[in-house]
Amino acid sequence: MLITMQKYFVSPEAFGDQHIRITGADAHHIVNVMRAKQGFTFLVSDGAGREAVAVFESGDGETAIARLEELVAADREAAVEVTIAQSLPKGDKMELIIQKCTELGAAGFLPFLSERTVVQYDAKKEAKRLERWAKIAKEAAEQSHRNRVPDIAAPVAWAKLTGQFAAYDLVLICYEDEQGTRLRDVLEPFCEAQRSREAARILVVIGPEGGFSLREVEAATAAGAACVSLGRRILRTETAGMAACACIMYQFGEMGGS
């Protein structure tokens, strides 16, 4: 029954002893979109492990008050932390990447600028864009009943990204010209070695529409990344991250895999 309920992420301060006070866009959604009546039941989460069934009591579109019915324990987070490092793509492709990879279970996103990035980066628009991305991640996490909303970092330069590789247990750079090493060739032994350890942190690095330059691939492997192929077909930049994320989740048993 819980899986069919509408879910909302709220701030920890929204939780009281007996009631939950929801404000902003979520209150508007409950009152004006869902047209909630007294007794309407939904899920709320603070994104930090606390989740509850709530029963709507009153609201005016700006604020909604619900009774805290019961705390629930539902862990739907992946046993592996996958972060998608995505070279900024054109148009609204980043929104699609964030939405779908959040549904698949990605823990976070690291946008970056590379040699062949087509997008003209505008720092003045960064805050608005990050706000939009965060909204998409939140809605996708609610739809897929995640326990937390993925983190989304501000875009960084390529050199700064490679400097962060050491923070991960495994870094994969997906390169269309890689001939010898398939994604599974790296994932299978890594997954086996991780079985008795804590959740692994994996960074998946995806290039822009024009792909990575050889110089970038060499810099990434020098920094500790494993260069892998996603198959014999060339994937669009907005497809590659989703495909890699799904493969990793499958390999770790999150989508019916071993």
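Two residues are said to be in contact when heavy atoms of theirs lie within 4.5 Å. In this predicted model, A79 meets that condition with A199, A200 and E254, once its neighbours within four places in sequence are left aside. The domain assignment of the protein chain gives domain 1, covering residues 7-72, and domain 2, covering residues 80-252, and the points below take up the interface of these domains, then helix α6, and then two single residues.

**Between the domains**

- The C-alpha centres of domain 1 and domain 2 lie 33 Å apart, and 9 residues of domain 1 are in contact with 8 residues of domain 2.
- About 650 Å² of area is buried between domain 1 and domain 2, with carbon and sulfur atoms giving 52% of this area.
- On the side of domain 1, the residues that lose the most area to domain 2 are K7, F9 and G47, which together account for 72% of what that side buries.
- The count between domain 1 and domain 2 is 1 salt bridge, while 4 residue pairs are found in polar contact across the interface.
- Strands β1 (7-9) and β3 (41-45) each supply at least two residues of the side of domain 1 that touches domain 2, and β1 gives the most to that side, with 3 residues.
- A salt bridge joins the side chains of D26 and K138, with a distance of 2.9 Å from N to O.

**Helix α6**

- Helix α6 spans residues 214-222, and its buried residues are E216, V217 and A220.
- Seen down the axis of α6, these buried residues fall within an arc of 100 degrees, so they line one face of the helix.
- An α-helix has 3.6 residues a turn, so residues three or four places apart point the same way.
- The buried residues of α6 pack against α4 (158-162), β10 (170-174) and β12 (226-228), whereas the face turned away from the buried side carries the exposed residues R215 and A222.
- Just after α6, G224 takes a positive phi of about 110 degrees.

**Residues A79 and E126**

- A79 lies in the loop between β5 (63-72) and β6 (81-87), where the residue is partly exposed, with a relative accessible area of 44%.
- A79 and V156 stand 77 residues apart in sequence, and their C-alpha atoms are 27 Å apart in space.
- E126 is found in helix α3, which runs over residues 126-143, and, with its neighbours within four places in sequence left aside, E126 is in contact with Y121, A154 and P155.
- E126 and P155 are 29 residues apart along the chain, and their C-alpha atoms are separated by 8.3 Å.

Note on methods:
Residues numbered from 1 in each chain as written. Predicted model: local features only at pLDDT ≥ 70, side-chain atom pairs only at ≥ 80, totals over all residues. Heavy atoms only, no water. Buried < 20%, exposed > 50% of the residue type's maximum accessible area, 1.4 Å probe, protein only. Helix = DSSP H or I, 4+ residues; strand = E, 2+ residues; numbered from the N terminus. Arc of directions from axis to C-beta. Domains from an automatic or database assignment. Buried area = accessible area lost by both parts, 1.4 Å probe. Salt bridge = Lys/Arg side-chain N within 4 Å of Asp/Glu carboxyl O. Polar contact = N/O pair within 3.5 Å; in protein donor to acceptor, adjacent residues only side chain to side chain.
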